[in-house]
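Biologist: I should like to go through the terms applied to this model and hear the grounds for each of them.

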Amino acid sequence: MVTARQKKMRPAQILALGFMGIILAGTLLLMLPISSSTGLGIGAVNALFTSTSAVCVTGLTVIEVGRDLSLFGQIVLLALIQIGGLGFMTMATTIFLLLGKRITLRERLVMQEALGEFRLTGLVRLTRNILIMTVCIELCGALLLSTRFVPIYGWAKGLYYGVFHSISAFCNAGFDLVVESESIIAFQNDVVVNFTIMGLIILGGIGFSVIYDIVKKRKFKRFSLHTKVVLCVTVFLILFGAVAFFALEIDNPKTLGDPDMPWYSKGMGALFQSVTVRTAGFNTISQDHLSLSSKILSMLLMFIGASPASTGGGVKTTTFAVVMLLVYNTIAGKPNLNLFKRRLSPGIAQRALSIIVISIAIVLISAMGMSLVEPTSIPSESLMYEVFSAFGTVGLSTGITADLHVVSKFILIITMFFGRVGPLTLTLALALRQSHNKSAAYKYPEDRLMVG
């Protein structure tokens with residue numbers, strides 16, 4: 001299962017190369033004439049961009065999926081979304097389990113890295129549970145969505161739409177097949193579609209280990225520290241975002257201020273925007289018509305993203321929580337990082353800060369690169385919105401993706417890859433040696449440096 005060369009690689013390197021392999025395979029399949037609705041193919045760059053967006057569960061697209069891809073191409077895309085959402089290592093483990101293959105220690109280490117677990121024990125059982133949970137959640141979502149799609153599109157197409165959008169929502173991908181409108185704006189007043197997709201997005205974004213912990217333990221006080229932090233931060237960000245978007249957009253006639261929109265739809269639209277902007281990519285209001293304040297808020301939420309070991313990207317909710325706690329402790333003069341009567345090690349704070357700094361660098365470099373090649377007619381905030389969306393693997397856009405320069409498309413491809421694999425994981429994968437190998441053997445004399 002693992003070659004001699006792979007044995008020399010660290011788990012982070014195997015994960016990064018695994019995602020790259022899936023992206024390249026998807027690119028080749030999407031380049032086939034059979035994958036396009038015209039039979040002429042969609043082109044190498046478009047195929048690479050679409051494959052990367054699917055595997056990285058982003059949703060940014062330079063084509064119209066429902067119009068430009070054939071049924072075969074759409075099924076390929078859906079498979080890439082599912083593999084990207086679950087993670088290639090989870091899918092590989094599933095295949096080996098079905099074939100009766102033994103999972104070695106090396107492969108368990110890669111699974112540990114992919115799932116963000118601290119222990120090696122129980123990883124195979126957790127993988128089985130992830131698959132069971134995924135099938136059950138996506139099936140329930142597909143059935144609920146089909147009740148709304150079947151009356152509109154008929155049984156065959158309605159059921160297919162239900163399955164496609166359920167998988168896309170749970171994997172936080174944001175790809176849709178609705179040709180007649182931007183994303184699912186046509187369903188902005190539909191309570192079933194809105195809350196089903198929001199539910200799928202939230203479940204996919206909190207992480208598999210959190211779902212498993214909730215199902216197994218059921219009571220909040222029995223949950224692990226990780227589960228408690230994820231749930232609290234997720235609820236806070238959703239509620240804060242919903243209130244903020246409602247306040248910022250209620251007077252905007254092109255979004256929530258539309259006089260023809262019912263009041264329940266205005267509140268539902270604000271809530272949907274708050275949920276989807278953190279990694280999903282579906283939208284019920286036009287992103288291009290958002291106020292500048294709402295776009296800035298959206299970019300902030302995109303940057304935070306979903307939770308570890310989930311189907312989403314970004315710096316993650318737990319990273320955000322640790323950094324905020326570190327800032328609070330610095331202001332308050334408290335020496336220890338305490339959460340729910342547990343003390344966090346200093347190493348966790350260092351890792352969280354490293355992720356934030358690396359992520360900011362990625363976003364800024366990507367934005368600067370795109371600004372060099374794009375015409376001045378494209379607003380700067382639209383370019384920034386695109387970059388934050390790519391890094392957070394969100395997929396929301398102001399409508400400029402298809403018109404971007406080919407260099408900008410490659411910049412977004414790299415940004416999506418960084419956002420999905422994880423900035424710190426990818427940095428470790430590219431590192432030649434771990435810093436503690438030699439430096440831990442000695443220490444320099446301590447001194448002071450003025451900061452701030």
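Biologist: Why is aspartate 190 called buried?

Modeller: The model is predicted, and the value is computed from it. Aspartate 190 has a relative accessible area of 13%; buried means under 20%, so aspartate 190 counts as buried.

Biologist: What makes the pairing of aspartate 190 and arginine 148 a salt bridge?

Modeller: The N to O distance between the two side chains is 2.9 Å. The cut-off is 4 Å between a side-chain nitrogen of Lys or Arg and a carboxyl oxygen of Asp or Glu, so aspartate 190 and arginine 148 meet the criterion. Aspartate 190 lies in the loop between helix H9 (155–170) and helix H10 (191–206), while arginine 148 belongs to helix H8 (residues 123–153), so the pair ties together parts that are 42 residues apart in sequence.

Biologist: Is arginine 148 buried, partly exposed or exposed, and what places it there?

Modeller: Arginine 148 has a relative accessible area of 35%. Partly exposed is the range between under 20% and over 50%, so arginine 148 is partly exposed.

Biologist: How many salt bridges does a search of the whole structure find?

Modeller: The search finds 3 salt bridges. One of them joins arginine 67 to aspartate 68, with the closest N and O atoms 3.0 Å apart. Another is formed by the side chains of aspartate 213 and lysine 217, at 3.2 Å from N to O.

Biologist: How do you know that aspartate 213 and lysine 217 are separated by about one helical turn?

Modeller: Both are in helix H11 and are 4 residues apart, which means a separation of about one helical turn. In exposure, aspartate 213 has 8% relative accessibility and counts as buried, whereas lysine 217, with a relative accessible area of 24%, is partly exposed.

Biologist: What makes Arg218, Lys219, Lys221 and Arg222 a positive patch?

Modeller: Lys and Arg count as positive, and like charges are joined within 9 Å when the residues have over 30% relative accessible area and no salt bridge. Arg218, Lys219, Lys221 and Arg222 form such a patch on the surface. Arginine 218 is found in the loop between helix H11 (208–217) and helix H12 (225–249). The relative accessible area of arginine 218 is 71%, and exposed means over 50%, so arginine 218 is exposed.

Biologist: Which residues form a nonpolar patch on the surface?

Modeller: Leu29, Leu32, Ile34 and Phe72 form the patch, with about 330 Å² of accessible area together. Phenylalanine 72 is placed in helix H5 (residues 71–86). The relative accessible area of phenylalanine 72 is 35%; patch residues need over 30%, so phenylalanine 72 passes that cut-off while being partly exposed.

Biologist: What is notable about phi in asparagine 172?

Modeller: Asparagine 172 has a positive phi of about 60 degrees although it is not a glycine. Asparagine 172 is found in the loop between H9 and H10. With 0% relative accessibility, asparagine 172 counts as buried.

Biologist: Where is phenylalanine 340, and what is its phi?

Modeller: Phenylalanine 340 is in the loop between strand S1 (337–339) and strand S2 (342–344). Its phi is positive, near 50 degrees, in a residue other than glycine. Phenylalanine 340 has 37% relative accessibility and counts as partly exposed.

Biologist: What does threonine 58 touch, and why does threonine 58 count as buried?

Modeller: Not counting residues up to four places away in sequence, threonine 58 touches several residues, among them Asn172, Ala280, Ser389 and Met416. Threonine 58 is in the loop between helix H3 (44–55) and helix H4 (65–68). Its relative accessibility is 0%; buried means under 20%, so threonine 58 counts as buried.

Biologist: What are the neighbours of serine 146?

Modeller: Serine 146, found in helix H8, touches Pro151, Gly158, Leu159 and Gly162, not counting residues up to four places away in sequence. Serine 146 and valine 163 are 17 residues apart in sequence and 7.9 Å apart in space, C-alpha to C-alpha. At 7% relative accessibility, serine 146 counts as buried.

Biologist: What share of the residues of the protein chain count as buried?

Modeller: Of the 452 residues, 53% count as buried. The secondary structure of the chain comes to 20 helices and 2 strands.

Conventions. Residues are numbered from 1 along each chain as its sequence is written. This is a predicted model: local features need pLDDT of at least 70, side-chain atom pairs count only at pLDDT 80 or more; totals for chains, interfaces and linings use all residues. Side-chain values use heavy atoms; hydrogens and water are left out. Buried means under 20% relative accessible area, exposed over 50%, partly exposed in between (1.4 Å probe, protein chains only). Patches are made of residues with over 30% relative accessible area and no salt bridge: like charges are joined within 9 Å, nonpolar side chains (Val, Leu, Ile, Met, Phe, Trp, Tyr) within 5 Å. Accessible areas come from the Shrake-Rupley method with a 1.4 Å probe; for residues, only the protein chains shown count as cover. The place of a charge is taken as NZ of Lys, CZ of Arg, CG of Asp or CD of Glu. Contact means heavy atoms within 4.5 Å.
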